[in-house]
Amino acid sequence: MSEARTAFVLGGTGHVGHAIVRELLLRGYRVKALTRKAEPPILFGLDVTVVQGDAGAPEGIDHLLGDADLVVDAA
């Protein structure tokens, strides 16, 4: 059996981003969600790694992507 793939979702706490996070989880992905919120309530109870940050920050997000196999921009 192959190891689960990792997806990184920008805007994972928004309306569209949240739906994408749920679909990725159903498809067996390990999910990391980028959000500006410290503890986004919309993701409580989901097996998601929350990464606090801002996709528009001058330093970028490359250092946050880690081992992501897939990046989805829902921001």
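Here is a friendly exchange about a predicted model of a protein chain.

Biologist: Before we start, what is the mean pLDDT of the protein chain?
Modeller: This is a predicted model, where local features need pLDDT of at least 70, side-chain atom pairs count only at pLDDT 80 or more, and totals for chains, interfaces and linings use all residues. Residues are numbered from 1 along each chain as its sequence is written, and side-chain values use heavy atoms, with hydrogens and water left out. pLDDT is the predictor's confidence in each residue, from 0 to 100. In this chain 97% of the residues reach 70 or more, and the mean pLDDT is 88.

Biologist: Which element has the lowest mean pLDDT?
Modeller: Elements here are DSSP runs numbered from the N terminus, with helices (H or I) of at least four residues and strands (E) of at least two. Where pLDDT is low, the predicted coordinates should not be read in detail. Strand E1 has the highest mean, 95, while the lowest, 84, belongs to helix H2 (residues 62-65).

Biologist: How many of the residues of E1 are buried?
Modeller: Buried means under 20% relative accessible area, exposed means over 50%, and partly exposed lies in between (1.4 Å probe, protein chains only). On one side of E1, Thr6, Phe8 and Leu10 are buried, and on the other Ala7 and Val9 are buried too. The strand is mostly covered, and the count of buried residues is 5 of 5.

Biologist: Which residue is the bridge partner of leucine 10 in E2?
Modeller: Two strands pair if DSSP finds at least two bridges between them. E1 and E2 run parallel and are joined by 5 bridges. For leucine 10, the partner in E2 is leucine 34.

Biologist: Which elements give two or more residues to the largest nonpolar core?
Modeller: A nonpolar core is a set of buried Ala, Val, Leu, Ile, Met, Phe, Trp, Tyr and Cys residues joined through side-chain atoms within 4.5 Å. The largest one has 11 residues, among them Ala7, Val21, Val31, Leu43 and Leu46. The elements giving two or more residues to this core are E1, H1 and strand E2 (30-35).

Biologist: How many residues are in the second, separate core?
Modeller: Its members include Leu10, Val51, Ile61 and Leu65. The size of this second core is 6 residues.

Biologist: With which side chain does the side chain of threonine 13 make a polar contact?
Modeller: Threonine 13 sits in the loop between strand E1 (6-10) and helix H1 (15-26), and its relative accessible area of 14% makes it buried. A polar contact is a pair of N or O atoms within 3.5 Å; within protein, one must be able to donate a hydrogen and the other to accept it, and residues adjacent in sequence count only if both atoms are side-chain atoms. At 3.3 Å, the partner side chain is that of threonine 35.

Biologist: Is histidine 18 buried or exposed?
Modeller: Histidine 18 belongs to helix H1. Leaving out residues up to four places away in sequence, histidine 18 is in contact (heavy atoms within 4.5 Å) with Gly12, Ile42, Leu43 and Leu46. Because its relative accessibility is 14%, histidine 18 counts as buried.

Biologist: How far apart in space are arginine 22 and leucine 43, C-alpha to C-alpha?
Modeller: Arginine 22 has its place in helix H1 and is partly exposed at 42% relative accessible area. The two residues are 21 residues apart in sequence, and their C-alpha separation is 9.4 Å.

Biologist: What is the distance between the closest N and O atoms in the salt bridge of arginine 27 with glutamate 23?
Modeller: A salt bridge is a side-chain nitrogen of Lys or Arg within 4 Å of a carboxyl oxygen of Asp or Glu, and the count by this rule is 3. Arginine 27 is exposed at 59%, whereas glutamate 23 is partly exposed at 35%. Their closest N and O atoms are separated by 2.7 Å.

Biologist: Which residues do salt bridges that share partners join into one network?
Modeller: Arginine 30 bridges to aspartate 67 at 3.8 Å; arginine 30 lies in strand E2 and aspartate 67 in the loop between H2 and strand E4 (70-73), so the pair ties together parts 37 residues apart in sequence. Aspartate 67 also meets lysine 32 in a salt bridge at 3.5 Å. Lysine 32 lies in strand E2, so this pair ties together parts 35 residues apart in sequence. The network is made of Arg30, Lys32 and Asp67.
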